[in-house]
Amino acid sequence: MPELFAYTDGACSGNPGPGGWGVLLRAVNGDTILKERELSGGEAETTNNRMELLAAINALNALERPSTITVITDSAYVKNGVTGWIHGWKRNGWKTASKKPVKNVELWQALDEAQKRHQVRWEWVKGHAGHPENERADELARGGMAPFKTSS
């Protein structure tokens, strides 16, 4: 049975500013890569955290059927949010512990919905540390941002 991995990353030029997200989806059997798919996109005015979230959402939504997948992100915000904080936010009506509205709530809700039909394991890797798949996701994110950057 092949294993599925999604390497996700977000990028932003300025924060807020033009941003992009990238995903490298990979099906592997042992050391053999069976299939790869790359996704990317971007927005003209956004934040890095929004792009990190959109990468994860798009990775999960790209799967055509319920799957077991490992999502690898260099965003502690996404990993800690989806594996920990989100449970309290939902209990508190999407408010933080200090009763403030959760930032990027619509994206957290979309991520929560996207992962419902899958068995997702979340892993964090250090960004820009030479991890080949994370570096590729970063390239895709920067490519997704490119159409929204204006030359100065």
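Contact here means heavy atoms within 4.5 Å. The structure is a predicted model.

**Exercise 1. Helix 2 against helix 3**

Task: Which residues of helix 2 meet helix 3, and at what angle do the two helices pack?

Solution:
1. On the helix 2 side, the residues in contact are Y77, V78, G81, V82, I86, W89 and K90.
2. Their partners in helix 3 are W108, L111, D112 and Q115.
3. The axes lie 11 Å apart and make an angle of about 95 degrees.
4. Angles of 65 to 115 degrees count as roughly perpendicular, so helix 2 and helix 3 are roughly perpendicular to each other.
5. W108 can be followed further: with residues up to four places away in sequence left out, W108 touches L53, Y77, V78, G81, V82, I86, W89, W94, V102 and K103.

**Exercise 2. The nonpolar cores**

Task: Find which residues of the largest nonpolar core touch the most other members, and which element supplies the largest share.

Solution:
1. The largest nonpolar core has 29 residues, and L25, W108, L111 and W122 touch the most other members.
2. At least two residues each come from strand 2 (17–29), helix 1 (48–61), strand 4 (68–73), helix 2 (76–91) and helix 3 (105–116).
3. Helix 1 gives the largest share, with eight residues.
4. A separate second core has seven residues, among them F5, Y7, L24 and I72.

**Exercise 3. The sheet**

Task: Give the order of the strands in the sheet, and state which strands lie at the edges.

Solution:
1. The sheet is open, has five strands with mixed pairing, and its order is 3-2-1-4-5.
2. Strand 3 and strand 5 (119–124) are the edge strands, each pairing on one side only.
3. On average, neighbouring strands are turned by 20 degrees against each other, direction ignored.
4. Strand 1 (residues 3–12) and strand 2 run antiparallel and are joined by ten bridges; in this pair G10 stands opposite W21.
5. Strand 2 and strand 3 (residues 32–46) are also antiparallel, with twelve bridges, and G17 stands opposite T46.
6. Strand 4 and strand 5 pair in the parallel sense over six bridges, with I69 opposite V120.
7. Helix 1 packs on the sheet and touches strand 1, strand 2, strand 3, strand 4 and strand 5; the directions of helix 1 and strand 1 make about 155 degrees.
8. Helix 4 (residues 132–145) also packs on the sheet, touching strand 1, strand 2 and strand 3, and its direction makes about 140 degrees with that of strand 2.

**Exercise 4. Two residues of strand 2**

Task: Are R26 and G19 buried or exposed, and what does each touch?

Solution:
1. Strand 2 holds both R26 and G19, and twelve of the 13 residues in this strand are buried.
2. The cut-off for buried is under 20% relative accessible area; R26, at 13%, therefore counts as buried.
3. The R26 side chain makes polar contacts with the side chains of E36 (2.3 Å) and E133 (2.7 Å).
4. Beyond four places in sequence, R26 touches E3, L4, F5, I33, K35, E36 and E133.
5. G19 has a relative accessible area of 0% and is therefore buried.
6. Contacts of G19 outside its neighbours within four places in sequence are A11, C12, G41, G42, E43, T46, M51, G144, M145 and F148.
7. E36, a polar partner of R26, is 17 residues from G19 along the chain, and their C-alpha atoms are separated by 24 Å.

**Exercise 5. Backbone exceptions**

Task: Where do a cis peptide bond and positive phi values occur?

Solution:
1. Most residues other than glycine have a negative phi, and most peptide bonds are trans.
2. The bond between N15 and P16 is cis, with omega about 15 degrees; P16 is in the loop between strand 1 and strand 2.
3. The hairpin of strand 1 and strand 2 has four residues between the strands, and G14 there takes a positive phi near 85 degrees.
4. The hairpin of strand 2 and strand 3 has two residues between the strands, and G30 in the turn has a positive phi of about 65 degrees.
5. K99 is not a glycine, yet its phi is near 65 degrees; K99 is in the loop between helix 2 and helix 3.
6. H128, also not a glycine, has a positive phi of about 55 degrees and is in the loop between strand 5 and helix 4.
7. Exposed means over 50%, so K99, at 60% relative accessibility, counts as exposed, and H128, at 60%, counts as exposed too.

Methods
Residues are numbered from 1 along each chain as its sequence is written. This is a predicted model: local features need pLDDT of at least 70, side-chain atom pairs count only at pLDDT 80 or more; totals for chains, interfaces and linings use all residues. Side-chain values use heavy atoms; hydrogens and water are left out. A nonpolar core is a set of buried Ala, Val, Leu, Ile, Met, Phe, Trp, Tyr and Cys residues joined through side-chain atoms within 4.5 Å. Buried means under 20% relative accessible area, exposed over 50%, partly exposed in between (1.4 Å probe, protein chains only). A polar contact is a pair of N or O atoms within 3.5 Å; within protein, one must be able to donate a hydrogen and the other to accept it, and residues adjacent in sequence count only if both atoms are side-chain atoms. Two strands pair if DSSP finds at least two bridges between them. Axes are lines fitted to C-alpha atoms, for helices over the stretch in contact, and angles run from 0 to 180 degrees between N-to-C directions. Angles under 35 degrees count as roughly parallel, over 145 as roughly antiparallel, 65 to 115 as roughly perpendicular and the rest as oblique.
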